[in-house]
Amino acid sequence: MIRHGVLACLLLTACQFDTSTTGAVDDDAGQQPLVDASNAELDATPIDGGTPDAVAQINCMDWAQQPTIVDPCVDFEIVHEPLILDENGTYSYDTDTGILTSPAQTPVPHTSVTLGGNADDPRVVVAGFINVKALTTLRATGGRPLILVSWENLMVAGAIDVGSDDTDVGAGANSDNCDTSEAGDSAENGGGGGGGGGFGGAGGAGADAEDGDGSDGGAGSDAISDPGFHGGCPGADGGDGQSEIGGDGGNSGGAVYLLARKSLLIGGIIASGGQGGSGSQGDRSGGGGGGSGGMIGLEAGTIQLGSGAVIAANGGGGGGGTNQMTAAAGQHGQLGAVAALGGDGEGNAPSANGGDGGYVTVIDGQDGVTSNRGGGGGGGGAGHITSRGALSNNGATISPSFTD
């Protein structure tokens, strides 16, 4: 989950525009405005005049960028009510139940539908205008991926988070479309590390345990070149040593798709990082593999990214392996162009560290470090970030790079 201190720092010092009152641009940072003044009242005014009759006159096919992920004439109806998330703190959204809860723990009315009859089919939230304001986080969990659809513009000055961590699993994570990472083998003299999850990049291999009858590390799963729309792929468990305490594999990042009939404006954070694999708890066990990053999709007639925007779907680091002590977990997928570090291992030299997670510069997860006791887990590969529409990037941080 995005930590509030980091989020506040990023948003207060780096956002290029602020929609906290009228949707107008925040010029305090000395940046050139990204949003035309004609959009100033969009967060308070329903689309196309604001009356149901005016809304009804919109042709469902009248999109600046014809949607590729949904059919607006079939999958949902035109909605004119705006969805404005403006309370400081975290809004929680359960894609299984369709319940949106405010930071004050009150229900938030909105319109949503599910696509298809399977439990992992996407949930679509539809509004006339969507605005996630500064110092506000929309945190989505559940088995279904999330699609946000605006019949006007969609603005994010705060954050949308579908990543996985030690508390929550991101919306649509651990897809059934993934190849399976392999768990580390178990052995009295050393369990192998678990393989990392692969998605945009391949998962790193778990490390071998080389002492005596030590075991092999598990292979990481392959990259998926055509991601479709689903979450990433989980890491595998580390092998047990003298008792059943190998590290658990990390969950992947989830999936979120932002779709607007006109413009998509992002000055905040969109995150879908993988969970780090957990470290071995002792007795010569292997570390868990890191989960891959998830998927983030952007689609609109125009897509404008501010200089302080961060869009990240990085892999989690692998957990460390051990001799007798407790090893560290790998870091969760990081915000920005930074690798999640593998967890520190413990054992006779070399120390069985987990592999780093994939990110923009190195999209594949790294292999765990081989030890003569429990092996380190492999890092999770980076996820996928896609963009469809006329893109203007004013210096946003994108990790990994956009998938073609």
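I began with strand β14 (residues 295-305), which pairs with β11 in the parallel sense over 5 bridges; I count two strands as paired if DSSP finds at least two bridges between them, and I take helices (H or I, at least four residues) and strands (E, at least two) as DSSP runs numbered from the N terminus. I note that this is a predicted model, in which local features need pLDDT of at least 70, side-chain atom pairs count only at pLDDT 80 or more, and totals for chains, interfaces and linings use all residues. Residues are numbered from 1 along each chain as its sequence is written, and side-chain values use heavy atoms, with hydrogens and water left out.

**Strand β11**

Looking up the partner of L259, I found E299 of β14 standing opposite. I then turned to strand β8 (residues 146-150), which runs parallel to β11 and is joined to it by 5 bridges; here L146 has V256 of β11 as its bridge partner.

I next checked burial, where buried means under 20% relative accessible area, exposed over 50%, and partly exposed in between, with a 1.4 Å probe and protein chains only. In β11, 6 of the 6 residues are buried, so the strand is largely enclosed by the rest of the structure. I looked at its two faces separately and found both covered, with A255, Y257 and L259 buried on one side and V256, L258 and A260 buried on the other.

**Disulfides**

For disulfides I used pairs of cysteine sulfur atoms within 2.5 Å, and the count by this rule is 2. Taking the bonded cysteines of the chain in sequence order, I read the pairing as 1-2, 3-4.

I looked first at C60 and C73, which are joined with an S to S distance of 1.8 Å, and the link is right-handed, with 95 degrees about the S-S bond. Both cysteines lie in the loop between α2 (52-56) and β1 (83-85), so the pair ties together parts that are 13 residues apart in sequence. I recorded C60 as partly exposed, at a relative accessible area of 22%, and C73 as partly exposed too, at 34%.

I then looked up C178 and C233, whose sulfur atoms are 1.9 Å apart in a disulfide. The torsion about their S-S bond is about -85 degrees, so I noted this disulfide as left-handed. The pair links distant parts of the chain, since C178 and C233 are 55 residues apart, both in the loop between β10 (159-161) and β11 (255-260). I recorded C178 as buried at 14% relative accessibility, and C233 as buried at 0%.
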